[in-house]
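Let's take a walk through a protein together. Keep the structure on your screen as you read, and turn it whenever a new part comes up.

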Amino acid sequence: MKNLYNALMLKKLLSLKELGFNYVEPVQEFKDDNISLPNDLNSLYQIVLNCHLCELSKTRQNVVFGEGNVNADIMFVGEGPGASEDAQGRPFVGRAGELLTKMIENVLYIPRSQVYIANIVKCRPPQNRTPLPKEALTCRPYLFKQIELIKPRLIVALGSTAYRYLTDDTTPISRVRGHIIQKENYKIIPTYHPSYLLRNPSAKKEAYADMLKVKSFL
Ligand code: URA
């Protein structure tokens, strides 16, 4: 929450500056628990649609909030929207999305619409670069709120960026993949990102094994 807190504080101070203030007494109204996000997904969606807390908002075409079953047992979390996702405002709709859909439908045997899919950042990083830590940390409270509201039994972290920001652990994905990890409020299983699998098809067998683990967990 610290980054969202800082960004909101900065925004408030900038608007006060525009109004002519040079100095204000320390503002009490933005205590961490005072910037709580709404407890329903539609209101949260409206906030994210209008978010301008980081640079990614300047270059996005669409916010990619996430989609799927709001009562899902399983949630997939990727890194951030690519070009197709940015154009359509939906997660995982490009080539990596096609592979993810196959992993869900052909290994777990459930329709894609039955799971929930979201990303660490909701706006496309230019040239598909990895989100900067400040972008990921500013956006992360939205994802944590989605998780809190959807309450999935298991979260599949797709790739190292998703794993890193869901756990604050920087262990390489190749070492942690396939392990179910208990976090304070949720369980998470990391696996390879579908884009990585498209570039490294030999890793598909490990991702397949991870998905079988997800299936047996469910
Ligand atoms: N890669 C991601 O991490 N997320 C998407 O939504 C699409 C591609």
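The paragraphs below go from the whole chain to its sheet, and then to a few single residues.

Before we start, keep in mind that this is a predicted model. The protein chain has 10 helices and 6 strands. Lay a box along its principal axes, and the C-alpha trace spans about 60 × 35 × 30 Å. Is the overall size what we would expect of a compact globule? What we can compare is the radius of gyration: for 218 residues, a compact globule would come out near 17 Å, and the protein chain has 18 Å, which agrees.

How much of the chain is buried? Of the 218 residues, 46% count as buried, where buried means under 20% relative accessible area. The surface that the protein chain exposes comes to about 11600 Å², and carbon and sulfur atoms supply 49% of that area. The chain also carries charge: there are 29 positive and 21 negative side chains, and the centres of these two sets lie 5 Å apart. Contacts tell us how the chain folds back on itself. Taking contacts between residues at least 6 apart in sequence, 70% join residues at least 24 apart.

Now find the sheet. Its 6 strands form an open sheet in the order β1-β3-β2-β4-β6-β5, with mixed pairing. At the edges are β1 (67-68) and β5 (181-182), each of which pairs on one side only. Notice that the order in the sheet is not the order of the strand numbers, so it helps to follow the neighbours one pair at a time. Begin at the edge with β1, which is joined to β3 (residues 116-119) by 2 bridges, and these two strands run antiparallel. You can spot the pairing at G68, whose bridge partner in β3 is Y116. Next, 4 bridges join β2 to β3, and here the strands run parallel. Look for F76, which has I117 as its bridge partner in β3.

Moving on from β2 (residues 74-78), we reach β4, joined to it by 4 bridges and again parallel. In this pair, I74 has L154 as its bridge partner. On the other hand, β4 also has 4 bridges to β6 (residues 187-191), running parallel. There, L158 is matched with T191.

Which strands are worth a second look for burial? In a regular strand the side chains alternate between the two faces of the sheet. Strand β4 (residues 154-158) shows this: L154, V156 and L158 point one way, while I155 and A157 point the other way, and all are buried. Because 5 of the 5 residues of β4 are buried, the strand is largely enclosed by the rest of the structure. Strand β3 is covered on both faces too, with Y116 and A118 buried on one side and I117 and N119 buried on the other.

Let's now visit a loop residue. R112 sits in the loop between α5 (95-107) and β3. Is R112 buried or exposed? Its relative accessible area is 11%, so R112 is buried. The neighbours of R112 give a fuller picture: leaving aside residues up to four places away in sequence, R112 touches E67, R90, P91, F92, V93, G97, T101, I104, E105 and I117. One of these, I117, is the β3 residue that we met as the bridge partner of F76. R112 also shows how the chain brings distant parts together: R112 and G68 are 44 residues apart in sequence, yet their C-alpha atoms are 7.6 Å apart in space.

Last, we come to two residues with an unusual backbone angle. Most residues other than glycine have a negative phi. N128 has a positive phi, near 55°, and its place is in the loop between β3 and α6 (133-150). With a relative accessible area of 46%, N128 is partly exposed. D168 is not a glycine either, and its phi is about 65°, again positive. You will find D168 in the loop between α7 (159-167) and α8 (173-176). Its relative accessible area is 57%, and so D168 counts as exposed.

Note on methods:
Residues are numbered from 1 along each chain as its sequence is written. This is a predicted model: local features need pLDDT of at least 70, side-chain atom pairs count only at pLDDT 80 or more; totals for chains, interfaces and linings use all residues. Side-chain values use heavy atoms; hydrogens and water are left out. The radius of gyration is taken over C-alpha atoms; the globule rule is 2.2 Å times the number of residues to the power 0.38. Buried means under 20% relative accessible area, exposed over 50%, partly exposed in between (1.4 Å probe, protein chains only). Contact means heavy atoms within 4.5 Å. Accessible areas come from the Shrake-Rupley method with a 1.4 Å probe; for residues, only the protein chains shown count as cover. Lys and Arg count as positive and Asp and Glu as negative; His and the chain ends are not counted. The place of a charge is taken as NZ of Lys, CZ of Arg, CG of Asp or CD of Glu. Two strands pair if DSSP finds at least two bridges between them.
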